Amino acid sequence: MELSETQLELRNQCRAFAEAEIAPFADEWDRREAMPVETLRKMGGRGYLGALIPKEYGGGALGRIEFGILNEELGRACSSARSLVTVHSMVCHALNRWGNEAQKRQWLPSLASGETIAAFALSEAEAGSDAQAIRTQAFASQGGYRLEGSKRWVTFGQLADLFLVFARLEDQPTAFLVPAQTEGLRRSAIPDMYGLRASSIAEVHLEQCWIPESAMLARPGMGVQAVASYALGLGRYSVAWGCVGIAQAALEASARYAATRVQFGKALAEHQLIQKMLSDMVTKTRAARQLCIAAGISQERRSSSALLDTLCAKYFASTAAVAIANDALQIHGAQGCSGAAPVQRFLRDAKIMEIIEGSSQIQQILIAHYGTKEYYL
């Protein structure tokens, strides 16, 4: 499962952009808890936000492996920047699959260029892993719908131009495309997040928020089981590759530091306990990447094992990223605990990866369900 020359060229291009436009500023953005809009527009201009959108709508129509490479390289530089690609692509992915032609023509070109930034508004105060528990309501009103409720933990919700909002219409989970300028939509920042601090997390409040009938994406009842599940499947895959990026960055930082930091008369890299940590970091990073490649191949082939492969990739890569970032901080010692070293950011961001797009515990439940069923049969 080696990358092709074309895929390696894409990786080099993505890495060059990330190292020039993102990595040097990632720690500053983390402290400010925000990314500049100009950087978001640059990502759009490079085609990163339209990576999965069909070419007929102005997108890049990348394959799954290529999309994964993009997420790894952005995650290696700044996981907050990668999170924009994740949530934006989730909305685009759902819209392209479930939207009608008019909706696609209206939104996909501007989403592909980055002129429109999209956010995924599913979670609520009482509805996290249990997406079926959403309480936001939609009521038929004057030839459209009126939305009432609140959404939490909306990534890039502070900056988004378009929200994919999930609400109950006559007790049936339904999805709606809601522009940010819609009257009755209000958003507030959620500050002091543990990780992904530059991803502009927001709470979105919907009060007498009227939208036209054309804003409904797919029919009532399909909101969670169809639209949200479809988008979250892509989100898991994107996050898994982003975890590989965090692991790679932590490994590289540790290798450099261990080679130059001298203790007890020799470099840290010459101490056996440090070597053990480094060997585990190398192995877990490579294993996580291979699981992500396997998941991408399964998705492209529409294999019956695609769901299980993606679950395994997300679970392993996220737990590996936490373990690797934790060891990276340990290797750096006090230096790693300060803002002068990005390894403390890697650890905080990695921990979030074990929670978003399905927690590690949810992944384990699903892996046990689908995995044992597959092997039993």
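**Helix packing and selected residues in a predicted model**

T285 is found in helix α8, which covers residues 272-300. The model discussed here is predicted. With a relative accessible area of 1%, T285 is buried, because buried means under 20%. Beyond the residues up to four places away in sequence, T285 touches V244, A247, Q248, L251 and I324.

The loop that leads into helix α8 contains H271, and this loop begins after strand β10 (266-267). H271 has a relative accessible area of 18% and is likewise classed as buried, since that value also falls under 20%. When its neighbours within four places in sequence are left aside, H271 is in contact with Q263, F264 and K266.

Helix α7 spans residues 223-260, and helix α4, residues 64-77, packs against α7 with the two axes 7 Å apart and at an angle of about 45°. The two helices are therefore oblique to each other. The crossing in which α4 passes α7 is right-handed. From α4, the residues that take part are R64, I65, F67, G68, I69, N71, E72, G75 and R76, and they meet L234, Y237, S238, W241, G242, V244, G245, I246, Q248, A249 and E252 of α7. By class, this contact of α4 with α7 comprises 9 nonpolar, 7 polar and 4 charged residues. V244 and Q248 of α7, which meet α4, also appear among the residues touched by T285.

An α-helix has 3.6 residues a turn, so residues three or four places apart point the same way. In α4, the residues of the contact include I65, G68, E72 and R76. In α7, they include L234, S238, W241, G245 and A249.

Ahead of α4 in the chain is G63, which lies in the loop between α3 (37-45) and α4. G63 counts as partly exposed because its relative accessibility is 23%, a value in between the 20% and 50% limits. G63 and F17 are 46 residues apart along the chain, and their C-alpha atoms are separated by 20 Å.

A second helix pair is formed by α9 (residues 306-332) and α11 (residues 343-353). Their axes come within 8 Å and cross at roughly 155°. That angle makes α9 roughly antiparallel to α11, because angles over 145 degrees count as such. The crossing of these two helices is left-handed. On the α9 side the contact is made by K314, S318, A321, V322, A325, N326, A328, L329 and H332, and on the α11 side by V343, Q344, F346, L347, A350, K351 and M353. Its residues divide into 10 nonpolar, 4 polar and 2 charged.

Helix α9 itself has 27 residues, and from its first C-alpha to its last it reaches 38 Å, close to the 39 Å expected at 1.5 Å a residue. G333 follows α9 and has a positive phi, near 60°. Also within the residue range of α9 is I324, one of the contacts of T285.

The last residue considered is in a strand. P212 lies in β7, which runs over residues 202-212. Its relative accessibility is 35%, so P212 counts as partly exposed. Outside the residues up to four places away in sequence, P212 touches G143, G144 and Y145. F176 is 36 residues from P212 along the chain, and the C-alpha atoms of the two are separated by 9.7 Å.

Terms used: Residues are numbered from 1 along each chain as its sequence is written. This is a predicted model: local features need pLDDT of at least 70, side-chain atom pairs count only at pLDDT 80 or more; totals for chains, interfaces and linings use all residues. Side-chain values use heavy atoms; hydrogens and water are left out. Helices (H or I, at least four residues) and strands (E, at least two) are DSSP runs, numbered from the N terminus. Buried means under 20% relative accessible area, exposed over 50%, partly exposed in between (1.4 Å probe, protein chains only). Contact means heavy atoms within 4.5 Å. Axes are lines fitted to C-alpha atoms, for helices over the stretch in contact, and angles run from 0 to 180 degrees between N-to-C directions. Angles under 35 degrees count as roughly parallel, over 145 as roughly antiparallel, 65 to 115 as roughly perpendicular and the rest as oblique. A crossing is left-handed if the near helix is turned anticlockwise from the far one by less than a right angle, and right-handed if clockwise. Ala, Val, Leu, Ile, Met, Phe, Trp, Tyr, Cys and Pro count as nonpolar, Asp, Glu, Lys and Arg as charged, and the others, Gly among them, as polar. The expected span of a helix is 1.5 Å times one less than its number of residues.
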